There are 2 protein chains.
Amino acid sequence: MKQILIARSAGFCFGVKRAIAIANETATRGAAEGAGGAGEPIRSLGPLIHNPQAVEELEKKGVRVVESVGEVDGGKVIVRSHGITRSDRAALDEKKVGIIDATCPFVNKAQEHARQLSTEGYAVIVVGDANHPEVKSIISYIEPGVPILTAISDLRDVGGIRKAGIVAQTTQSFENLMQFVSAALKAFPEVRVFNTICNATVLRQKESTAVAGKTDVMVVLGGYNSANTRRLAEICREINPRTHHVETAGELPSDFLEGVSTVGVTAGASTPQWIIEALVARIRELWSGETIRVEHYQ
Amino acid sequence: MKQILIARSAGFCFGVKRAIAIANETATRGAAEGAGGAGEPIRSLGPLIHNPQAVEELEKKGVRVVESVGEVDGGKVIVRSHGITRSDRAALDEKKVGIIDATCPFVNKAQEHARQLSTEGYAVIVVGDANHPEVKSIISYIEPGVPILTAISDLRDVGGIRKAGIVAQTTQSFENLMQFVSAALKAFPEVRVFNTICNATVLRQKESTAVAGKTDVMVVLGGYNSANTRRLAEICREINPRTHHVETAGELPSDFLEGVSTVGVTAGASTPQWIIEALVARIRELWSGETIRVEHYQ
């Protein structure tokens, strides 16, 4: 028996994977419904991921990217993993546009904690890039009139505020969060922190090295110019010297499975799922006739 | 007109000053009541301050130091600024001993926040020396059954705990608090911090340098072997070169007020109030005939 062991967190993070699955499902259902009739337009509010091939794939299925709510006048809109602001949501509701919500559950949590803190009398500190759509969506959930602080320098001269709550953009580093926590504890007697950082990158590295240690050969998929993929290959190679870093399955040497009964698979953050599936298909081909067990490692 | 400007936080911190004032008042009232009758015994549970002269002064007034609740069988007991445990308080109540509570209000706050966190479903992290009476008193206010964590190493392997609250012994350093906050944020999704650190030392330094900058000559009172007093003299001298560091007023050169119309005064943490008062008396003597305004700077 042969085995393919795939790191659960390989490639896109959970939230992006989920958003793409939701978009595909919506497009497929739309096409089926549209077969007999008009077929409602499906839009995605901003690109679902920063990967042109993946966006193109979705466009072929009828999901068109629009940049703002103003461009939408009916049909369905997919809200991507970053979430949207409360006012954009209200505007879509007013236009009676069907909202397909693919907001990442971790972003939902950050929004909810921001709202909760603001209703419980806390000033709200949002650690993140104030211009990022995710941060804009989090901030929009803070009740009107509640002080919002997004820069370390905001934490000085905050007369009258006794307690502050902190949430973070899900992709922030822990070190940056701690800088805000430290400054807040100097400024306010009470500081309540929700650690909303999603540790996808750390988790991916942890799972990938575990997989590398359990398998005969390890394949790391992802762009040669992707820093996070190169780092992934590097740490896997430390564990398993038979580690290949390739962009697609086709680049693997034909004999890479020689003497191998278990293959490990992982992928960088910008690697679409189909690249991973194509590798699995190629391994199945090379191992045709064998019983193959495909498992995910978590 | 002449002026004496005294740093508000000179000498003992607010909580210790208050405890001594309460003890003195109790002793005075006890003596007055005792004049016509038996005179109830007055005890202090542990020494009120770590200054032998001050403790001796209180003993002369009838305040005897006992080490444990077991030694008390009636009369009155003064609870010092560190506070006492809930069980010691209950034991005193049972013995019908009169409790004169001189617990520092900042320690009271830490106790109250610890209790509040434990009733609101938080595991409670107490940052401090677990053997210190103050920390024991804080911990005793945590409701039974709630996890109590007092070491960084406690913050690993805390399965099932989703949220933790942090309080600190009032004399802890901010840096130590931050180490616990950082470790807690790695272990729990929600961390609620009450910064119960009393910044008496930082405040004393801040006020003292401000006073040094506003006066013609500066006097820093406190032991030559006291690190915090030497540091105080050092930073005052940077602001005002006419800074004298002496243990008592008697050591000042006889001409230290020459050409002076304003004197600044501060004192290290272990300097009793009467040392400061003796200095003010000496200045009044040297300035006899002058109108003197004594002010506190905060």
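These numbered points go through a predicted model with chains A and B.

1. Symmetry. Start with the two copies. A turn of 179° and a shift of 0.1 Å along the axis lay chain A on chain B, with an RMSD of 0.1 Å. That is the relation of a two-fold axis. To find the axis in the model, look at Arg192(A). Its C-alpha is 2.0 Å from the rotation axis, the closest approach of any residue of chain A.

2. Interface. Compare the two sides of the contact. Of the interface residues of chain A, 100% are interface residues in chain B too, so the copies meet through the same surface.

3. Core. The largest nonpolar core holds 43 residues. Those with the most contacts inside it are Ile125(A) and Phe188(A), along with Ile125(B), Leu177(B) and Phe188(B). Both chains supply elements that give two or more residues to this core. From chain A come strand 6 (123-127), strand 8 (163-168), helix 6 (174-187) and strand 9 (190-194). Chain B gives strand 6, strand 8, helix 6 and strand 9, too.

4. One core residue. Take Ile125(B). Leaving aside neighbours within four places in sequence, Ile125(B) touches several residues, including Leu149(B), Leu155(B), Ile166(B), Phe180(B) and Phe188(B).

5. A helix residue. Arg230(B) sits in helix 8 (residues 227-239) of chain B. Is Arg230(B) buried, partly exposed or exposed? Its relative accessibility is 45%, so Arg230(B) counts as partly exposed. Beyond its neighbours within four places in sequence, Arg230(B) is in contact with Tyr224(B), Asn225(B) and His245(B). Val246(B) is 16 residues from Arg230(B) in sequence, and their C-alpha atoms are 10.0 Å apart in space.

Definitions and conventions
Residues are numbered from 1 along each chain as its sequence is written. Chains are lettered from A and ligands numbered from 1 in the order in which they are written. This is a predicted model: local features need pLDDT of at least 70, side-chain atom pairs count only at pLDDT 80 or more; totals for chains, interfaces and linings use all residues. Side-chain values use heavy atoms; hydrogens and water are left out. Copies are superposed by least squares on the C-alpha atoms of residues with pLDDT of at least 70 in both. Contact means heavy atoms within 4.5 Å. Helices (H or I, at least four residues) and strands (E, at least two) are DSSP runs, numbered from the N terminus. Buried means under 20% relative accessible area, exposed over 50%, partly exposed in between (1.4 Å probe, protein chains only). A nonpolar core is a set of buried Ala, Val, Leu, Ile, Met, Phe, Trp, Tyr and Cys residues joined through side-chain atoms within 4.5 Å.
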